[in-house]
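Dear colleague,

I am handing over the structure we spoke about, and below it I set out what was found. Please keep it open beside the text while you read.

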Amino acid sequence: MTALRDPFATGTVVHTNAYRIRRFLNWFPLGLTYAFLYMGRYNLTVAKTELGSLMTKEDFGIIFGVGTVTYGFAFLLNGPLTDRFGGKKAMLVAALGSGLMNLIMGYAIWTLAGNPTSDISIRVLFSFLYAANMYFQSFGAVAIVKVNASWFHVKERGGFSGIFGTMISSGIFLAFTVNGWIVDLTRTAGSAQTWWVFFAPTIALWAMFVIELILLKDRPGQAGHEDIETGDDDSGDDGSPISTWAILRRIFTHPIILTVAFIEFCTGVLRNGVMHWFPIYAKEVWVLPSDHWLVYGNWGELYTILPFFGVAAVLMIIGGIRKQKGKPSAVFWSLGGVLFLVPFMQGGWGGLLMVAGVIGGNVAGWVSDIVFQSRRAPVAALLYGLLCVASVGMFFSLGSTTNEVSWAKEGKTQLQPGDVITEVNGQATEDWTDISREVACLPAACEGDAKWDTEKCWCSTKPKLTADDLKVSTGVIPVVVQRGGETLTLELKDPKPKMRAGDKRKLPAGPVLPLSPTWLGVIVFLMSLAVIGTHGLLSGTATMDFGGKRGAATAVGAIDGFVYLGTGLQSFSLGIITSWDWSYWPVFLFPFGLLGLYLLTRIWNAVPKGKKAAH
């Protein structure tokens, strides 16, 4: 049985311990499955770096693009299907289907790697397989909201927002960091067994399929507890059947949901405008080394990890014991959670995103419940205000580069830290942008049917501009450097005298930066915290509040569709804008922050009708 006090009379929601334990057994495996779906979604990105000529960057761009479009449109179909058949069935379909597609993709990579002369087009094959994977993946996002809509009261859903943000963040960590570890662990004789980054998610997802088949329940009533009155827009209805068309009509004519959809369109622009483009900026403009804390990071030794996890576990246990005795426990849990996150701060961009997501999702959710009486807009507006201020800070933190060498890979180049590069291939250079351009634009011998594109400075199967009399690289790049007061002419080893389509030449070295990257690193960390917190509040929580238990999946499907419209807009726009000048990057983001903030003020006091009826 479930003991539930009137939350609008007492200000709190109280359940029995048995209910809370059973709810944990419901949402934790559900969230873990969602995280493993992320692992099986972005593993293609990790695998691409190891596939070499088997999958060119042009192939990858088309494959990933087809998958993203499929994912966005699939919400329109799978949201109503999930509302009709239930979140459990939707999550089981997601785990089973995505696991199967990952298995087939892994087998395809294993087969093609053993037969590189095969006539099979990896572009065509993986465009189909990855699109199918993304179709099944779309069931996961709507399922997690649909199920939890029946288990969490409106006044508890801020906490669920934190859960949602945490699972997204842990999924990002699994996708990039753990998949990277798998590549390294399976490397033999210098060659990575890349298919394991597909097989591993299959194993995890199918294991979760079995667990969810047993544990997952759509409603408390199916788990031996009373169904609770959730206080959302479905509260007080008579439970009579409702058609899919009626749900769609209600969702797409609901003024609050439509407003949230347009806000989440802005979130889609801002989220990927930061999360996707910052690592590109750090790699292409700053040219930071791979072990830098803003790139891939370095987990270091066990003594920098295990003590934090150990103390965090002790504090969590103490917090649990104190709660059982009716004593305050929040301080112990909060401190334990913070200490648990500390090691991830050295895990590169993926680790930083995980920390940002966990903090942003949980703080935003709890503040909305405790301070703003379960209104989501005020907290989201505060986070959007932070996004506006931070985007201005971005503009002044981009900085510039120099032509002085800060780091150089030992054994890979004759350059040394402190060298000042004044010429590359006979052309004068004043900063690292000049150096990168001259290095990249030295023509290379193109493999296969690719030709040298003199406009983009790479090999392409469809070059915009080419020439027949190109003098390709002889294997060396002539440079002039100032070293210790002397002028030296060096012949650097060309890292890519031959290229496949989509490759680009870069020096194994990076510049001294006049402005520390820490400034922009902190700003984009705060922006990631704000945008993940907002996304959890709106897509993960407001969809339940205003879509109701019956329409939650359709609502989240519609809103996530707008998120991906924003994602598509920023991807196309920033791809062009940043090729002109990176200073336009924050300028492009700023108006969407203002627009989202304005729209949030329009729904500042919005609450579900179930909550209104209770007053």
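Helices here are DSSP runs of H or I with at least four residues, and they are numbered from the N terminus. With that in mind, Y584 has its place in helix α18. Please note that this is a predicted model.

Let me begin with the surface around that residue. Y584 counts as partly exposed because its relative accessible area is 41%, and partly exposed covers what lies between under 20%, which is buried, and over 50%, which is exposed. Together with V392, F395, F396, F572, I576, W580 and V587, Y584 forms a nonpolar patch on the surface, and the accessible area of these residues together is about 880 Å². Two or more residues of the nonpolar patch are given by each of α15 (377–397), α17 (517–580) and α18 (584–602).

There is also a patch of charge on the surface, a positive one, which is formed by K283, K456, K464, K504 and K506. Among them, K464 is found in the loop that runs between β6 (458–460) and β7 (476–483), and K464 is exposed because its relative accessible area is 59%.

Finally, please look at T194, which lies in the loop between α7 (157–185) and α8 (196–215). Is T194 buried or exposed? With a relative accessibility of 3%, T194 counts as buried. If its neighbours within four places in sequence are left aside, T194 is in contact with A47, E50, L51 and I109.

With best wishes

Notes: Residues are numbered from 1 along each chain as its sequence is written. This is a predicted model: local features need pLDDT of at least 70, side-chain atom pairs count only at pLDDT 80 or more; totals for chains, interfaces and linings use all residues. Side-chain values use heavy atoms; hydrogens and water are left out. Buried means under 20% relative accessible area, exposed over 50%, partly exposed in between (1.4 Å probe, protein chains only). Contact means heavy atoms within 4.5 Å. Patches are made of residues with over 30% relative accessible area and no salt bridge: like charges are joined within 9 Å, nonpolar side chains (Val, Leu, Ile, Met, Phe, Trp, Tyr) within 5 Å. Accessible areas come from the Shrake-Rupley method with a 1.4 Å probe; for residues, only the protein chains shown count as cover. A salt bridge is a side-chain nitrogen of Lys or Arg within 4 Å of a carboxyl oxygen of Asp or Glu. Lys and Arg count as positive and Asp and Glu as negative; His and the chain ends are not counted. The place of a charge is taken as NZ of Lys, CZ of Arg, CG of Asp or CD of Glu.
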